[in-house]
Amino acid sequence: MSRSISPADDMHAPGRKVGLDEVPIVDFAPYLSGDPDGERRVVAEVDHALREIGFMYVRNVGFPAALRDDTFAAMRRFFARDAGYKQRLAWLTPESNRGYVGPGVQALDPRRPGDLKEAFDTGAEAQGADAAHVPSNRWPADDPSLRATVLAYYEASLAAAKIILSAMERALSIAPGTFTATHDAYANTLRLLHYPPVPHAGPQENQIRAGAHTDFGSITLLSQHGEGGLEVRNKRGEWLMAPAINDAMIINTGDCMQRWTNNVFRSTGHRVALPNGVDTNTSRYSIAFFCSPAADTTIECLPGCERADGSAIYPPITAGKHILKRLNETYGTRDKARK
Ligand SMILES: O=C(O)CCC(=O)C(=O)O
Ligand SMILES: [Fe+2]
């Protein structure tokens, strides 16, 4: 079934099922066991996955399954509310990047119509004096358990992300803390996603659930509910279906990490297609935890990642500037969608 697809031209042809040699499953149990051989093995697996494909499934990274189930239940409740309720919590600016994003508002592939999805973006709550510069979450006042569940999910995701980031530091032989100590600030985004049913006559030409894109930050931790729908582009340009696997999260590296590592770790294109390529009468839910370094972190070629001649591909940039630029590109359609 393997075929060569030009991603730009073939929006609707479904991908083929991914092979585990292509997106491997990395079991973190040996990494956390304290056994040096086990640790080395996991680090090597992470290194291979992120250099070769930029995606991996991760198991046993300490994320509580019950919390994932609770969060899916809470977001199902939220997205079932009427449009007016959700719109009162609307996402307002790329700078704040918090709140409800309605259908068609974001186009992850800016050359395409807006994505057939709705989202709710949240982040860490400001502590003390940080409130002066940290954007506020836009929680619904009548559902305190949504806030509590989502904030718990945020904390558990950050803890899991730090374990993965520490393995990545070891894979690159860079100073411990280079990644783990720069991801504590308020730059991470926890995004709840709902892809509603798509009626047969619904989509515009080339409109899918999430257009082909790369992620903006350092790593993304994704939980899919049910059947999946995520597709990952391999080096040959083929779309591979990456279904939900029990007890595993999908991890991928984003543009910021690719830039930081001078392209050693890949930021790989992906999208969410329609299950049968045309329409669907089922909803899909997913949760993405987008990790980004603190906004003032300078992203420049890490030691050991230089090209053979010692040079770097990219000039230095701050993480905040880089992420804001990418957000702005994908929200170019928002004024159109509101009309
Ligand atoms: O919903 C998904 O499975 C992936 C969404 C995604 O790639 C994104 O929002 O960046
Ligand atoms: Fe993505």
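Of the residues in the shell around ligand 1, 7 are nonpolar, 3 are polar and 2 are charged. That is where I will start today, and I should say at once that this is a predicted model.

Let me put names to that shell. The residues surrounding ligand 1 are Leu108, Leu193, Tyr195, His213, Asp215, Leu222, Leu230, His270, Val272, Arg284, Ser286 and Phe290.

Next, the secondary structure behind those names. Which element gives the largest share of the shell around ligand 1? Strand 13 does, with 3 residues.

Now the polar side of the site. Which side chains place an N or O atom beside an oxygen atom of the ligand? I have three to report. For Tyr195, a side-chain N or O atom is 2.6 Å from an oxygen atom of ligand 1. For His213, the distance between a polar side-chain atom and a ligand oxygen is 3.0 Å. For Asp215, a side-chain N or O atom and an oxygen atom of ligand 1 are 3.1 Å apart. As for cover, ligand 1 on its own has 300 Å² of accessible area, and the protein covers 97% of that. Three elements each give two or more residues to the shell: strand 6, which runs over 189–195, strand 12 at 270–272, and strand 13 at 284–291. On location, ligand 1 sits in the largest pocket.

That is the ligand. I will move on to single residues, beginning with the loop that leads into strand 12.

Three residues there are on my list. Asn262 is in the loop between helix 6, residues 255–260, and strand 12. Asn263 belongs to the loop between helix 6 and strand 12, and Arg266 is placed in the loop between helix 6 and strand 12 as well.

The backbone is worth a look here. Most residues other than glycine have a negative phi. Asn262 is not a glycine, yet its phi is positive, at about 55°. Asn263 is another residue other than glycine with a positive phi, in this case near 70°.

Is Asn262 buried or exposed? Asn262 counts as buried, because its relative accessibility is 5% and the cut-off for buried is under 20%. Asn263 has a relative accessibility of 34%, so it counts as partly exposed. Arg266 is partly exposed too, with a relative accessible area of 24%. For a long-range distance from this loop, take Arg266 and Asp130: they are 136 residues apart along the chain, and their C-alpha atoms are separated by 33 Å.

Next, two threonines with polar contacts.

Thr330 is in helix 7, which covers residues 319–330. Its relative accessibility is 1%, so Thr330 counts as buried. What does the side chain of Thr330 make a polar contact with? The partner is the side chain of Gln106, at 2.9 Å.

Thr297 sits in the loop between strand 13 and strand 14, the latter being residues 298–299. With a relative accessible area of 10%, Thr297 is therefore buried. A polar atom of the Thr297 side chain lies 2.7 Å from the backbone oxygen of Ala294. So the two cases can be told apart by partner, given the cut-off of 3.5 Å for a polar contact: a side chain for Thr330, and a backbone oxygen for Thr297.

Last, Val61 and Met241, which I take together since one distance links them.

Val61 is located in the loop between strand 3, residues 55–59, and helix 3, residues 65–79. Its relative accessible area is 7%, so Val61 is buried. Met241 is in strand 10, residues 239–241. At 34% relative accessibility, Met241 counts as partly exposed.

How far apart are the C-alpha atoms of Val61 and Met241? They are separated by 23 Å, with the two positions 180 residues apart along the chain. Met241 also gives a second distance, to Gly34: 34 Å from C-alpha to C-alpha, for 207 residues apart in sequence.

To go back to the start: ligand 1 sits in the largest pocket, and its polar neighbours include the side chains of Tyr195, His213 and Asp215. That is what I have for today.

Note on methods:
Residues are numbered from 1 along each chain as its sequence is written. Chains are lettered from A and ligands numbered from 1 in the order in which they are written. This is a predicted model: local features need pLDDT of at least 70, side-chain atom pairs count only at pLDDT 80 or more; totals for chains, interfaces and linings use all residues. Side-chain values use heavy atoms; hydrogens and water are left out. A residue is near a molecule or strand if one of its heavy atoms lies within 4 Å of it. A polar contact is a pair of N or O atoms within 3.5 Å; within protein, one must be able to donate a hydrogen and the other to accept it, and residues adjacent in sequence count only if both atoms are side-chain atoms. Accessible areas come from the Shrake-Rupley method with a 1.4 Å probe; for residues, only the protein chains shown count as cover. On a 1 Å grid over the protein atoms alone, a cavity is a set of points where a 1.4 Å probe fits but cannot get out, and a pocket is an open set with protein on both sides within 12 Å along at least five of seven lines; lining residues have an atom within 4 Å of a point. A molecule sits in a cavity or pocket if more than half of its atoms lie within 2 Å of its grid points. Helices (H or I, at least four residues) and strands (E, at least two) are DSSP runs, numbered from the N terminus. Ala, Val, Leu, Ile, Met, Phe, Trp, Tyr, Cys and Pro count as nonpolar, Asp, Glu, Lys and Arg as charged, and the others, Gly among them, as polar. Buried means under 20% relative accessible area, exposed over 50%, partly exposed in between (1.4 Å probe, protein chains only).
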